[in-house]
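Thanks for coming. I will go through one model this morning, strand by strand where I can, and then turn to the charged pairs and a few backbone details.

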Amino acid sequence: MREQVIAHKVGNRSGIGKHRRSSESAQRPARRESGGAALVARLRSLLGYVPAFLKLVAAIVIGILIFASYRTAASASFFQVRKVEVQGTDRVSADEVQTLVRKEVEKAGVWNADLKSLSAKVEKLPWVRTAVVSRVLPDGVRVRITERVPRAVVRTASGRFRWIDDDAVLLGEMLPGDQMPPFFLRGLNEDDPEGARAENRERVAKFVALQQDWDASGLSERVSEVNVIDVRDIRAQLAGDDSHIEVRLGSQDYGKRLKDALEVLDAQRQSPRGALISYIDLSQGRRAIVGLTSGAHANASARLPGPESTNGKTVERDAVVGMLREKAIAAVNRTGDSRPGRERSDSSRVAEKKSDKTKAPERGRP
């Protein structure tokens, strides 16, 4: 006979399943958070207990440390200037620019160099119009220069000849190798060049316009310099044998008036008074007034009746004034007032008058 094995019932299956799940959940380890996130969470929890002013102090200390580290790194020999590159120079001395840059950057270093201030100092050099300074890390500085363009040569009050640009900035001396300009400029305000910069700029612009006009009409060769101290009364000094003659042009029609004045001068050159002409005034534009010089006496022209006409130009007969003046001076010199003893005392003059009175009756006797 087969033996029957009777299995013992341990319990309800559902109860066994619940028991297993509860035991597994109890034995399962908790999920671990990542290390970085845990550190951040801990710091946040700690900072929550730190007072606000301690946070501020900590931020300041950290900023000071960063700044000190920056200054130390910037002033290190790694950033000391070793190369200075200068571009765009023709008349400007590159050596002078390099010396100035090295002197300014030597203490601060390339990293800490004040480029704006350095540019301003370079622009104060003669012939420099603009200067752009840039860093070439770690140890270089580049300077790009735009030079000023010379427009005219001005004769200063001291008699020196210097180039000048459109901004009325005095540049370097005119050198023997420089191209000679058609004529020179005169009349800049040298007492206050900065305050009178606008006026001087207007004078230069007027001069450049005159030069272009007279070059086109072929009149520049007859002029040695132009006085523009008053732009409403332009005056031109002639050149060559006529260098003692001044032409007063006024404030407009400069080319026409200069041409008319030269025609008057050429017509009068063969006359006896041609060598005595000192100026021709066409500032009014209607009549040419000729001033003469006789000897050492300058004669102002006078509007006398009966003017003579030369090539349609009116020439004042002011030579008559000079002749009359010379005759009057000669007459005074021939009188007895110029002999020795002319200055006598009052007592001698009274005695002489008394003697004349006593002699008068005697002359009247028969």
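Two strands count as paired if DSSP finds at least two bridges between them. With that in mind, Arg135 stands opposite Val141 in β3. That pairing belongs to β2 and strand β3, residues 140–147, which are joined by eight bridges and run antiparallel. Before I go further, note that this is a predicted model.

These two strands are part of an open sheet of three strands, in the order β1-β3-β2, with mixed pairing. The edges are β1, residues 83–87, and β2, residues 128–136, each of which pairs on one side only. From one strand to the next, the twist averages 20°.

Staying with β2 and β3, the loop between them contains Pro138. The peptide bond from Leu137 to Pro138 is cis, with omega near 10°.

On the other side of β2 in sequence is Trp127, in the loop between α6, residues 115–122, and β2. Trp127 has a positive phi of about 75°, although it is not a glycine. Is Trp127 buried or exposed? Its relative accessible area is 8%, and the cut-off for buried is under 20%, so Trp127 is buried.

There is another residue of this kind. Ala168 has a positive phi of about 65° and is not a glycine either. Ala168 sits in the loop between β5, residues 161–164, and β6, residues 170–173. With a relative accessible area of 8%, Ala168 is buried.

Now to β10, where I would like to spend some time. How many of the residues of strand β10 are buried? Five of the five, residues 246–250, so β10 is largely enclosed by the rest of the structure. Both of its faces are covered: Glu246, Arg248 and Gly250 are buried on one side, and Val247 and Leu249 are buried on the other.

Which strands does β10 pair with? One of them is strand β9, residues 234–238, which runs antiparallel to β10 and is joined to it by four bridges. Within that pairing, Ala236 has Val247 of β10 as its bridge partner. Strand β11, residues 277–281, pairs with β10 in the parallel sense over three bridges. Here Val247 appears again, with Ile280 of β11 as its bridge partner. The chain gets from β10 to β11 through helix α8, residues 254–268, and this β-α-β crossover is left-handed. The handedness is something to look at on the screen.

Next, the charged pairs. The structure holds 21 salt bridges. I will take a few of them.

Arg222 and Asp266 form a salt bridge in which the closest N and O atoms are 3.3 Å apart. This pair links distant parts of the chain, 44 residues apart: Arg222 is in the loop between α7, residues 197–217, and β8, residues 223–227, while Asp266 is in helix α8. That is the helix of the crossover from β10 to β11. Arg222 is partly exposed, at a relative accessible area of 28%. Asp266 also counts as partly exposed, at 37%.

Back in β10, Glu246 takes part in a salt bridge with Arg235, the closest N and O atoms being 3.4 Å apart. Arg235 is in strand β9 and Glu246 in strand β10, 11 residues apart. Arg235 is partly exposed, with a relative accessible area of 26%, whereas Glu246 is buried, at 18%. Glu246 also meets Arg248 in a salt bridge, at 3.1 Å from N to O. Both Glu246 and Arg248 are buried.

There is also a network of salt bridges that links Arg129, Arg148, Asp165, Asp167 and Arg201.

Last, the surface. Which residues make the nonpolar surface patch of about 310 Å²? They are Leu56, Ile60 and Ile64. Leu56 is found in helix α3, residues 52–74. At a relative accessible area of 53%, Leu56 is exposed.

To recap the part on β10: the strand is largely enclosed, with β9 antiparallel to it and β11 parallel to it. That is what I have for today.

Methods
Residues numbered from 1 in each chain as written. Predicted model: local features only at pLDDT ≥ 70, side-chain atom pairs only at ≥ 80, totals over all residues. Heavy atoms only, no water. Patch = residues over 30% accessible without salt bridge, like charges linked within 9 Å, V, L, I, M, F, W, Y side chains within 5 Å. Areas by Shrake-Rupley, 256 points an atom, 1.4 Å probe, with all protein chains shown as cover. Salt bridge = Lys/Arg side-chain N within 4 Å of Asp/Glu carboxyl O. Buried < 20%, exposed > 50% of the residue type's maximum accessible area, 1.4 Å probe, protein only. Right-handed = clockwise from strand over helix to strand, strands pointing away. Axes fitted to C-alpha atoms, helices over the stretch in contact; angles between N-to-C directions.
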